[in-house]
Amino acid sequence: MKRFIIFIMALSLFSSFPCTVYSKDKEEEISAKSSILMCMNTGEVISENNAYEHLFPASVTKIMSIFLIAKAIDSGRIGLDDTVTASENSVSKGGS
């Protein structure tokens, strides 16, 4: 199980490194609910679409949560039989 989680995380990390992308068209249609394109060196916003809209966490966030839980289990800080208590507010948020 641990190797599978590490494999998924490695795959996610390798696919998230910055790269240079070129487009033939100046104005490319983006179908995402929200996006932001920034210059890696200067931090300048090149393009954005609903960049500040609050959305559910992305898959990378979920994978990182799984990684941290697996790490805590391996170190003995938590166990598979431990009880986790969630507030009513957290439960009311729903899932993805």
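Modeller: Welcome! Helices here are DSSP runs of H or I with at least four residues, strands are runs of E with at least two, and both are numbered from the N terminus. Please keep in mind that this is a predicted model.

Colleague: Thanks! In what order do the elements of the chain run from the N terminus on?
Modeller: Let's start with the inventory: the secondary structure comes to three helices and two strands. Read from the N terminus on, the order of these elements is α-β-β-α-α.

Colleague: What share of the residues of the chain counts as buried?
Modeller: The accessible surface of the chain comes to about 9200 Å², and 59% of that belongs to carbon and sulfur atoms. A residue counts as buried when its relative accessible area is under 20%. Among the 96 residues of the chain, the buried share is 7%.

Colleague: How many bridges join strand E1 to E2?
Modeller: E1 covers residues 35-38, and E2 covers 45-49. The two form a hairpin with six residues between them, and Gly43 in the turn has a positive phi of about 80°. The strands run antiparallel, and the number of bridges joining them is four.

Colleague: Which residue in E2 is the bridge partner of Met38?
Modeller: Met38 lies in strand E1. Leaving aside neighbours within four places in sequence, Met38 is in contact with Gly43, Glu44, Val45 and Ile46. One of these is also its bridge partner in E2, namely Val45.

Colleague: Which residue in E2 does Ile36 stand opposite?
Modeller: We can find this residue by way of Met38: it is 10 residues away from Met38 in sequence and 8.6 Å away in space, C-alpha to C-alpha. The residue opposite Ile36 in E2 is Glu48.

Colleague: Is Met38 buried, partly exposed or exposed?
Modeller: Partly exposed covers the range between the buried limit of 20% and the exposed limit of 50%. Met38 has a relative accessibility of 43%, so it counts as partly exposed.

Colleague: Which residues make the nonpolar surface patch of about 430 Å²?
Modeller: One member, Tyr52, lies in the loop between strand E2 and H2. Tyr52 has a relative accessible area of 70%, and therefore it is exposed. Together, the patch is made by Ile36, Met38, Val45 and Tyr52.

Colleague: Which residue has a positive phi although it is not a glycine?
Modeller: Look in the loop between E2 and H2. The residue there is partly exposed, with a relative accessible area of 42%. Its phi is about 50°, and its name is Asn50.

Colleague: How far does helix H2 reach from its first C-alpha to its last?
Modeller: H2 spans residues 59-75, which gives 17 residues. Gly76 follows the helix, with a positive phi near 85°. At 1.5 Å a residue, the expected reach is 24 Å, and the value in the model is close to that, at 24 Å.

Colleague: Why does Ala72 count as buried?
Modeller: Ala72 is found in helix H2, where the buried residues are Ile63, Ala70 and Ala72. Leaving aside neighbours within four places in sequence, Ala72 is in contact with Arg77 and Ile78. The limit for buried is under 20%. Ala72 counts as buried because its relative accessibility is 7%.

Colleague: Last one: what share of the contacts with a separation of 6 or more comes from residues 24 or more positions apart?
Modeller: A contact means heavy atoms within 4.5 Å. Among the contacts in the chain with a separation of 6 or more, the share from residues 24 or more positions apart is 28%.

Note on methods. Residues numbered from 1 in each chain as written. Predicted model: local features only at pLDDT ≥ 70, side-chain atom pairs only at ≥ 80, totals over all residues. Heavy atoms only, no water. Expected span 1.5 Å × (residues − 1). Buried < 20%, exposed > 50% of the residue type's maximum accessible area, 1.4 Å probe, protein only. Patch = residues over 30% accessible without salt bridge, like charges linked within 9 Å, V, L, I, M, F, W, Y side chains within 5 Å. Areas by Shrake-Rupley, 256 points an atom, 1.4 Å probe, with all protein chains shown as cover. Salt bridge = Lys/Arg side-chain N within 4 Å of Asp/Glu carboxyl O. Pairing = 2+ DSSP bridges.
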